[in-house]
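Grab a viewer and work through the exercises below. Each one sets a task and then walks through a solution.

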Amino acid sequence: MSQLGFLVGVVIPYLAGFIFVIGVLYRIFQWSRSAVPFNITTTSGQQYSLPFLRRTFMDRFDSPYTRWETAVRVLMEIFLFRSLWKNVRYELPAQNAVSTKWLWLFGLVFHWSLLIVLIRHFRFFLQPVPDFVNMIQSLDGFIEVHLGWFQPHVVHIMVTGLTLLIALLYLLYRRIAFPKERTFSLPSDYIALFLLLGVVITGLLMRYVIPVDVAHIKELAQGLLAFRPPASPELHWMFMLHILFVSALLAYFPFSKLMHSAGIFFSPTRNMPNNPRAKRHINPWNYPVKGVDYDEFYENFKDDLDEIEQMGYVVKPEEV
Amino acid sequence: MSEQKFEDLEKFEIRQQFSNWKELLKPTTEMRKGYYSYAALLRDQEYLGLPYPREWNTLDEDWKLPPNWKEIIINKMDELRRKYRSFQVFMDICVRCGACADKCHYYIGTGDPKNMPVVRAELLRSIYRKYFTTSGKVFGEYAGARELTEDVIKEWFLYYFQCSECRRCSVFCPYGIDTAEITMLARELLNSIGISQRFTLISAAACVRTGNHLGLNPGGVVNSIQYAVDDIKEITGIDIEVPVNKKGAEILFVTPSGDYFAQPHWFTFIGYLMVFHELGLDYTMSTYAAEGGNFGFFHSFEVAKKINQKIYKEAKRLGVKWILGGECGHMWRIKHQYMATFADDTYEDALKVLEDPVNPVTGTVFENASSTKMVHVLEFLADVLKHKKLKIDKSRNDHLRVTHHDSCNIARGMGLLEEPRFVIKSVCNYYYDMPDHAIREKSYCCGSGAGLLADELFELRMRGGMPRAMAVKYVHEKYGVNHVTAACAIDRAAIPTLLQYWKLPVQMGGVTELVANAMVMSGEKERDTDLRGNPLGEYLEVEV
């Protein structure tokens with residue numbers, strides 16, 4: 001048992017963590033070595049031009065002119081899913097296109113829940129547990145349930161754990177139930193969802209149904225983080241399942257679309273200010289291409305051009 | 001794919017059209033009439049010095065690809081992912097959330113799942129996975145990867161010329177993945193093995209040779225201007241003079257060449273000339289840089305650069321202080337985001353004469369154009385109208401109920417949204433916006449941008465323009481709108497046909513046309529018609 005514990009609790013997580021870190025760094029390196037030849041901002045609002053034209057507060061970030069406006073745009077994309085918020089669905093008759101926020105809502109709920117759940121997990125790794133982790137923990141667990149028949153003590157329901165599950169199920173549901181989404185979904189889209197569902201479900205089971213020894217887990221987590229892992233950890237099978245799902249997810253991460261979490265920072269249509277007419281963007285690999293210059297043009301159309309010269313370079317109405 | 005009839009719209013539903021992703025990955029190569037583009041002419045390929053020039057036909061089985069075409073594509077792809085971070089990142093990070101799926105007007109109009117932006121990108125992404133990612137190499141189609149075959153090339157040619165690079169999907173994408181960028185790079189890949197579309201290349205080659213897409217000789221341009229000043233004299237009784245190729249003028253005026261004689265561009269063109277005359281502007285037009293647009297942009301980096309260089313070269317030769325640009329869509333995407341970057345030493349050279357743009361009529365400094373030195377005519381006109389430098393009689397537009405179509409490129413590649421509205425409201429009493437999801441950054445494309453104005457794509461264009469047409473229909477029924485404005489030459493070519501096709505009694509034109517219509521010129525004769533000869537005053541009934 002302890003050998004299995006070492007494999008699942010130490011070897012596999014380290015391996016997965018290694019693949020994750022190296023893989024993500026490599027992908028980021030790949031992106032950053034690729035050039036940005038043009039400023040191709042997608043403008044989703046009024047440009048900065050004349051002072052008397054209406055440019056709303058949101059226009060400043062949807063069509064940013066300065067560097068900090070651009071930074072706010074990227075942050076709004078990350079924390080508020082600004083572009084998804086704009087989502088509309090085309091329906092017939094056309095004028096009834098409806099604003100649809102379901103994808104935005106569940107996408108946002110999923111990502112925020114995941115972030116909070118991750119922060120809550122800090123308490124396994126850090127000793128003493130930082131205050132902000134405790135604070136988030138207590139805010140998240142404001143619902144207390146006393147289930148005498150089920151567990152002999154008060155259970156704090158962690159809201160984000162449940163919203164995470166619900167959001168994931170919705171994201172899976174729409175891929176299966178909506179014809180458009182079913183058409184373009186690839187196996188990799190389902191793999192990501194199943195891995196995440198595996199992590200979340202095993203986590204929830206451990207919290208609410210099959211209690212595991214948290215002290216042991218904490219010891220292991222802190223040992224892993226300090227690179228002094230226990231030699232033969234005794235691990236509950238449910239926890240091993242959880243850690244296997246997490247490791248699979250981590251190892252899968254750099255090879256998959258999950259890289260979008262880093263990619264958003266590199267997206268040229270979002271991270272560049274809409275100011276190319278005020279500040280010239282330089283293409284690092286620009287090279288000259290020969291076109292037709294004026295002398296060649298003049299040779300080709302000598303008669304026409306000479307005639308324009310004879311007209312004194314001006315066109316006037318014909319005398320009737 | 002099952003066709004749904006127009007009468008069945010009430011029962012309209014979205015169905016899954018591929019049973020699983022493996023089916024979706026199989027190349028669609030059925031060339032249906034109205035959806036595929038013609039192959040480029042040998043003449044144009046040779047003139048532009050493109051790789052592997054040859055005669056070939058879209059409908060042929062054999063596209064006569066060079067023997068090592070596969071290697072060329074893979075190498076080019078490797079090159080592009082190093083050259084364009086957008087390409088590398090957009091290939092890697094799509095999560096297929098589907099926010100973009102129903103944002104494409106071609107998907108809405110055709111119901112073809114391969115027109116969903118996410119799937120359009122997958123056509124390329126599946127190949128990228130196969131040759132550049134570990135998971136694609138190992139797991140093949142289970143990782144959404146597929147082999148590069150000739151059928152894939154055919155599918156690319158079919159679907160990357162069913163994208164008008166309008167960027168609507170990019171607005172809704174949580175990571176800003178821009179299908180326009182993907183389409184451009186896919187076309188770059190196709191070009192590397194000698195596959196180009198006929199329509200774009202005809203225009204691009206003409207532009208390199210003559211200075212404009214229509215292939216007008218300098219004499220032809222002058223003739224057009226001649227007709228314009230004659231028309232203006234007939235309408236207003238005023239003799240105006242238009243400087244052409246004049247050295248030492250303050251401003252170089254560049255407009256898309258469609259304005260020189262197409263309908264209804266023409267009224268915008270004479271509009272510019274009337275307004276500039278009335279303001280007493282010291283400007284010149286040019287026959288060398290007679291074109292604002294750039295169809296090379298729809299083809300490849302190199303052809304785009306061939307065309308792009310003319311404006312700065314001409315500005316230097318004529319010694320102008322700054323450049324004013326007419327109403328055009330993709331032209332302004334390029335002027336705003338690409339022109340100065342494309343230009344290498346021609347930009348530095350032009351800086352010897354160019355100065356920061358200052359409106360000579362109002363003294364306003366166009367701070368946002370301080371590097372490129374190029375100002376949009378609607379920015380200029382908004383400034384002029386704000387300072388009341390033109391005498392405007394709004395009632396001259398009272399026969400019109402106006403709505404504005406935001407052209408994709410200037411809405412999503414520039415952010416010029418309020419300028420046209422300010423200008424229109426300054427010269428019209430009756431202005432109504434279309435519903436929110438159809439204007440501003442959410443604007444629907446006319447369906448004919450990025451080289452899709454080709455006649456052979458007629459059905460695709462009319463279907464792709466359907467959402468726009470329906471939005472116009474809505475304001476027509478609700479407010480009696482009978483005039484759509486758009487600051488884009490492609491729109492002015494595409495939308496009249498679109499409105500006719502969808503049976504809407506609405507006319508369309510440029511924004512400056514309305515300004516010229518309402519402008520009271522000093523010394524003008526009594527006017528009882530607008531620039532088009534429609535009687536003033538009474539509500540205009542447009543014939544379907």
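**Exercise 1: a helix with two faces**

Check the length of helix H3 (residues 69–83) of chain B: its 15 residues at 1.5 Å a residue should span 21 Å, and its end C-alpha atoms are 21 Å apart, so the two agree. The expected span here is 1.5 Å times one less than the number of residues, and helices are DSSP runs of H or I with at least four residues, numbered from the N terminus.

Before going on, note that this is a predicted model, where local features need pLDDT of at least 70 and side-chain atom pairs count only at pLDDT 80 or more, while totals for chains, interfaces and linings use all residues. Residues are numbered from 1 along each chain as its sequence is written, and chains are lettered from A and ligands numbered from 1 in the order in which they are written.

Now work out which residues of H3(B) are buried, and where they sit around the axis.

*Solution.*
- Step 1: count neighbours. A residue is buried if 20 or more other C-beta atoms lie within 10 Å of its own, exposed if 12 or fewer, and partly exposed in between, with C-beta atoms placed from the backbone.
- Step 2: apply that to H3(B). B:Ile73, B:Met77, B:Leu80, B:Arg81 and B:Lys83 come out as buried.
- Step 3: look down the axis. These buried residues cover an arc of only 155°, so they are on the same side of H3(B); the arc is taken from the directions from the helix axis to the C-beta atoms.
- Step 4: recall the geometry. An α-helix has 3.6 residues a turn, so residues three or four places apart point the same way.
- Step 5: flip to the face turned away from the buried side, and you find the exposed residues B:Glu71, B:Asn75 and B:Asp78.
- Step 6: find the packing partners. The buried residues of H3(B) pack against helix H4 (85–93), helix H6 (117–132) and H10 of chain B.

**Exercise 2: two domains, one chain**

Describe how domain 1 of chain B touches domain 2 of chain B.

*Solution.*
- Step 1: set the bounds. Domain 1 runs over 23–196 and domain 2 over 203–518, as given by an automatic or database domain assignment.
- Step 2: take the centres over C-alpha atoms; the two are 30 Å apart.
- Step 3: count contacts, meaning C-beta atoms, placed from the backbone, within 7 Å. That pairs 26 residues of domain 1 with 30 residues of domain 2.
- Step 4: rank the elements on the domain 1 side. H5(B) gives the most, with 5 residues.

**Exercise 3: one residue at the chain boundary**

Is A:Ile308 buried or exposed, and what does A:Ile308 touch?

*Solution.*
- Step 1: locate A:Ile308 in helix H15 (residues 302–310) of chain A.
- Step 2: count. There are 21 other C-beta atoms within 10 Å, so A:Ile308 is buried.
- Step 3: list contacts, leaving aside neighbours within four places in sequence. A:Ile308 meets A:Tyr313, along with B:Pro218, B:Val222, B:Val244, B:Asn245 and B:Thr287.
- Step 4: zoom out. The contact between the chains takes 109 residues from chain B and 88 residues from chain A. Helix H12 (residues 218–236) gives the largest share of chain B's side, 8 residues.

**Exercise 4: a second boundary residue**

Classify A:His260 and find its partners.

*Solution.*
- Step 1: A:His260 belongs to helix H13 (residues 260–263) of chain A.
- Step 2: A:His260 has 18 C-beta neighbours inside 10 Å, so it counts as partly exposed.
- Step 3: not counting residues up to four places away in sequence, A:His260 touches B:Ile93, B:Val95 and B:Tyr175.

Key. Two residues are in contact if their C-beta atoms, placed from the backbone, lie within 7 Å. Helices (H or I, at least four residues) and strands (E, at least two) are DSSP runs, numbered from the N terminus.
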